[in-house]
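Colleague: I am new to this model. Please take me through one part of it closely, the surroundings of the ligand, and then turn to the aromatic rings.

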Amino acid sequence: MKKILVTGGAGFIGSHTVIELINAAYIPVIIDNFTNSDRKVIKRLEKLAGTPIANYEQDCQDIEKLSDVIDTENITGIVHFAAYKQVEESVSYPLKYYSNNVSGLIDILKLANNKRVRNFVFSSSCTIYGNPDQLPVTEDSVVKPPESPYGSTKQMGENILKDVVKASNSMNALSLRYFNPIGAHPSALIGELPNGVPANLVPFVTQTAAGLRNKLVVYGNDYPTKDGSCERDYIHVIDLAKAHVKALSYLETNKPRIYDVVNIGTGRSTSVLELIKLFEEVTGKKLNYEIGPRRSGDIISTYAAVNKAKDLLGWTSQKSLADALKDAWRWQQTLV
Ligand code: WQD
């Protein structure tokens, strides 16, 4: 069975991907420094999987240790999640982001190259499209100048990967451009653990419903959208996790020196007000919310063109927004 290194494997998307890798008969090997995740996640993953999971508490930038892990575990592929992801924080601490997200990627790619690890999957983001000129957003859409150091690190990451694959004779890589990941595992054993006040909509919604926040503020209802609030493509984290498994299997079955980018979304657009209404319907919880001013830098409307993911990877999202909201709520209730 193939062993896959999952950097940031205790995080939100990483932990769900670990489970989907096991379901697909891979052996995941986690490295995580737990700066933005919880050590308890490992035990919960082992409980869910019903098997011990190799895991190393260490930083991706600790090259010597990482090198040992790749050798000891005989790694054949890497799914690289380990990165910082708070847009606002990145504006205040750009070097923190460039160091971890860009230097960290370069370090791990150097090792992958030297050790001839063939397959590499990178976490990219729809944030690189900015406010798209056309909807749905295809992979050929113009990549807009980044609006934050965070967005910049994702663009740089994609460019670095493309160049590294071109110059290599053994490596394959895919950048997955995630839309808005939400939800949790239906078992409610793993889910999102936001640090402090959540910046993202769904954790704020579930925390408000749980009484941990007073009120949800909807950032603007005067946009040129169906109901005036912003529109996004919300994707269940389990669907997103499965896309990584499909990405690995695509890379394995193709000759080396492939580099490509793929949107991972549902192809459906949902407004903030629609999401709130659906949350109330599926959970029976009334949300205390009010309309507030626009949030600076918000994209007005975006959703993914999903044909490439289907054609190239044989992947499409399976779960509904209602599933994702129910799972997010079930998970939230375990946290209070
Ligand atoms: C969604 C909508 C808000 C909070 C994030 C990342 C970005 C990329 C995609 C990863 C927006 C509105 C939110 C609240 C609200 N992911 N909102 N009240 O902005 O699409 O960006 O996902 O790379 O980098 O930052 O997601 O969840 O913050 O917002 O009205 O309290 O909810 O205005 O329209 P966003 P989000």
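Modeller: Start with valine 217. A polar backbone atom of valine 217 is 2.7 Å from a nitrogen atom of the ligand. Keep in mind that this is a predicted model. Tyrosine 219 also offers its backbone: a polar atom there is 2.9 Å from an oxygen atom of the ligand. With asparagine 180 the side chain takes part. One of its N or O atoms is 2.9 Å from an oxygen atom of the ligand. The cover can be put as a number, too. On its own, the ligand has 690 Å² of accessible area, and the protein covers 89% of that.

Now look at the shell as a whole. There are 18 residues around the ligand. Ser125, Tyr150, Val217, Arg232 and Asp298 come nearest. By type, the shell holds 11 nonpolar, 4 polar and 3 charged residues. Which strand should you find here? Strand 8, residues 216–219, gives the most to the shell, with 4 residues.

Next, the rings. The whole structure has 3 aromatic pairs. One of them joins tyrosine 84 and tyrosine 97. Their ring centres are 5.5 Å apart and their planes meet at 50°. Planes under 30 degrees apart would count as stacked and over 60 as edge-to-face, so this pair is tilted. The two rings come from distant parts of the chain, 13 residues apart. Tyrosine 84 is in the loop between strand 4 (77–80) and helix 4 (87–92), while tyrosine 97 belongs to helix 5, residues 94–114. Are these two residues buried or exposed? Tyrosine 97 is buried, with a relative accessible area of 0%. Tyrosine 84 has 21% and is partly exposed, because buried means under 20%.

Tyrosine 84 has another partner. Lysine 96 lies over the face of its ring, 4.7 Å from the ring centre. A charge sits over a ring elsewhere as well. The charged end of arginine 294 is over tyrosine 223, at 4.0 Å from the ring centre.

Another aromatic pair is worth finding. Phenylalanine 279 is buried, with a relative accessible area of 0%. Tryptophan 329 is buried too, at 10%. The rings of phenylalanine 279 and tryptophan 329 are 5.9 Å apart, centre to centre, with 80° between the planes, and the pair is edge-to-face. This pair also links distant parts of the chain, 50 residues apart. Phenylalanine 279 is in helix 9, residues 272–283, and tryptophan 329 is in helix 11, residues 321–335.

Notes
Residues numbered from 1 in each chain as written. Predicted model: local features only at pLDDT ≥ 70, side-chain atom pairs only at ≥ 80, totals over all residues. Heavy atoms only, no water. Near = heavy atom within 4 Å. Polar contact = N/O pair within 3.5 Å; in protein donor to acceptor, adjacent residues only side chain to side chain. Areas by Shrake-Rupley, 256 points an atom, 1.4 Å probe, with all protein chains shown as cover. Helix = DSSP H or I, 4+ residues; strand = E, 2+ residues; numbered from the N terminus. Nonpolar A, V, L, I, M, F, W, Y, C, P; charged D, E, K, R; others polar. Phe/Tyr/Trp six-rings, centres within 6.5 Å; stacked < 30°, edge-to-face > 60°. Buried < 20%, exposed > 50% of the residue type's maximum accessible area, 1.4 Å probe, protein only. Lys NZ or Arg CZ within 6 Å of the ring centre and 35° of its normal.
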